[in-house]
Amino acid sequence: MMIAGVDLAAEPKGTALALIDWIPGRAVLTDLQLGVADEAIVAAATGVTKMGIDCALGWPVEFINFVNLQAEISTGSPQFDGGIDWRRKLAYRETDRRVRQVTGRWPLSVSTDRLGMTAMRATGLLSKMAHRGIPIDRSGVGKVVEIYPAASMRIWGFQTSGYRASRDIRAQLLKSVLAEAPWLDLQSNTELMIESCDAFDSVIAALAARSAALGQYQAPEAALIEQAKIEGWVALPNASLGGLVQAG
């Protein structure tokens, strides 16, 4: 089983792609690239079982409705609340609220943060994949699944504070990850993961995508599936990191 992980940025600079080949008893990081353009990501998607993308794959339904309606404000209807509770409904998706419930931390808001620029690129990627015949389902059951690397690592029991900004913290964190996953063969990519937080997160995204491919993640409840198909859904692992290698 080949699994891909993408740490997506608004431009190829800052974007990383990892490919992990899962074989009985081992997982081999066969490729790790920085500065990855859309074409390389779409090409990788055609040859993998699952691709985990670290980026919001959609916007809150409430925000979508607001954008559609706000153009009519000059007519005096509709009337918008404008209060903080109303704004929070527009800022966060249902999956963001679930991440907050599970991890204690809010993800970035795709509606109100710079993450929106990256999400626009993600939408372009999904469109290109769909035109290649790749099934797209933002709720996570298709080939592409939304991943939150830092949240995945916290669920697996790792301390993540400061890892994106510090080479030394990444080095210690990677040491901890490999202690829990001695079956993970990074080949010659250890130093790149330590030097680049983007490379690091793409590998973690691939590990979390493997969890999703095995069904070991918190899927949306039946009542939320249609909403998740529009907004996207973060696949938070619900099994240990060590268990990922047990299936072929």
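This note goes through a predicted model, taking its pockets, one of its strands and one loop residue in turn.

1. The largest pocket. This pocket has a volume of about 480 Å³, and of the 24 residues that line it, those closest to its centre are Asp54, Cys55, Leu108, Leu115 and Tyr148. When you look for the helices around it, start with helix 5 (115-131), helix 6 (149-155) and helix 9 (197-213), each of which supplies at least two residues of the lining.

2. The character of that lining. The residues around the largest pocket divide into 14 nonpolar, two polar and eight charged. Asp54, one of the residues closest to the centre of the pocket, comes up again below, where strand 4 is described.

3. The second largest pocket. Its volume is about 160 Å³, and the residues that line it are Ala10, Leu108, Arg114, Leu115 and Met117. By class, this lining divides into four nonpolar residues, no polar ones and one charged. Leu108 and Leu115 are worth finding in the structure, since they belong to this lining and are also listed among the residues closest to the centre of the largest pocket.

4. Strand 4 and its burial. Why can strand 4 (residues 50-54) be called largely enclosed by the rest of the structure? The reason is that five of its five residues are buried, where buried means a relative accessible area under 20%. Lys50, Gly52 and Asp54 point one way from the strand, while Met51 and Ile53 point the other way, and all of them are buried.

5. The partners of strand 4. Strand 1 (residues 2-7) pairs with strand 4 in the parallel sense over five bridges, and in this pairing Asp7 stands opposite Asp54. Strand 5 (residues 144-146) also runs parallel to strand 4 and is joined to it by three bridges, with Ile53 standing opposite Glu146 of strand 5.

6. Ser111 in its loop. Is Ser111, which has a relative accessible area of 17%, buried or exposed? This residue sits in the loop between helix 4 (94-103) and helix 5, and it counts as buried because its 17% falls under the 20% cut-off.

7. The surroundings of Ser111. The side chain of Ser111 reaches the backbone oxygen of Leu90 at 2.9 Å. If its neighbours within four places in sequence are left aside, Ser111 is in contact with Trp59, Pro60, Phe63, Leu90 and Ala91, so that Leu90 appears both in this list of contacts and as the residue whose backbone oxygen the serine side chain reaches.

Conventions:
Residues are numbered from 1 along each chain as its sequence is written. This is a predicted model: local features need pLDDT of at least 70, side-chain atom pairs count only at pLDDT 80 or more; totals for chains, interfaces and linings use all residues. Side-chain values use heavy atoms; hydrogens and water are left out. On a 1 Å grid over the protein atoms alone, a cavity is a set of points where a 1.4 Å probe fits but cannot get out, and a pocket is an open set with protein on both sides within 12 Å along at least five of seven lines; lining residues have an atom within 4 Å of a point. Grid points are joined across faces, edges and corners, and a volume is the space filled by probe spheres set on the points. Helices (H or I, at least four residues) and strands (E, at least two) are DSSP runs, numbered from the N terminus. Ala, Val, Leu, Ile, Met, Phe, Trp, Tyr, Cys and Pro count as nonpolar, Asp, Glu, Lys and Arg as charged, and the others, Gly among them, as polar. Buried means under 20% relative accessible area, exposed over 50%, partly exposed in between (1.4 Å probe, protein chains only). Two strands pair if DSSP finds at least two bridges between them. A polar contact is a pair of N or O atoms within 3.5 Å; within protein, one must be able to donate a hydrogen and the other to accept it, and residues adjacent in sequence count only if both atoms are side-chain atoms. Contact means heavy atoms within 4.5 Å.
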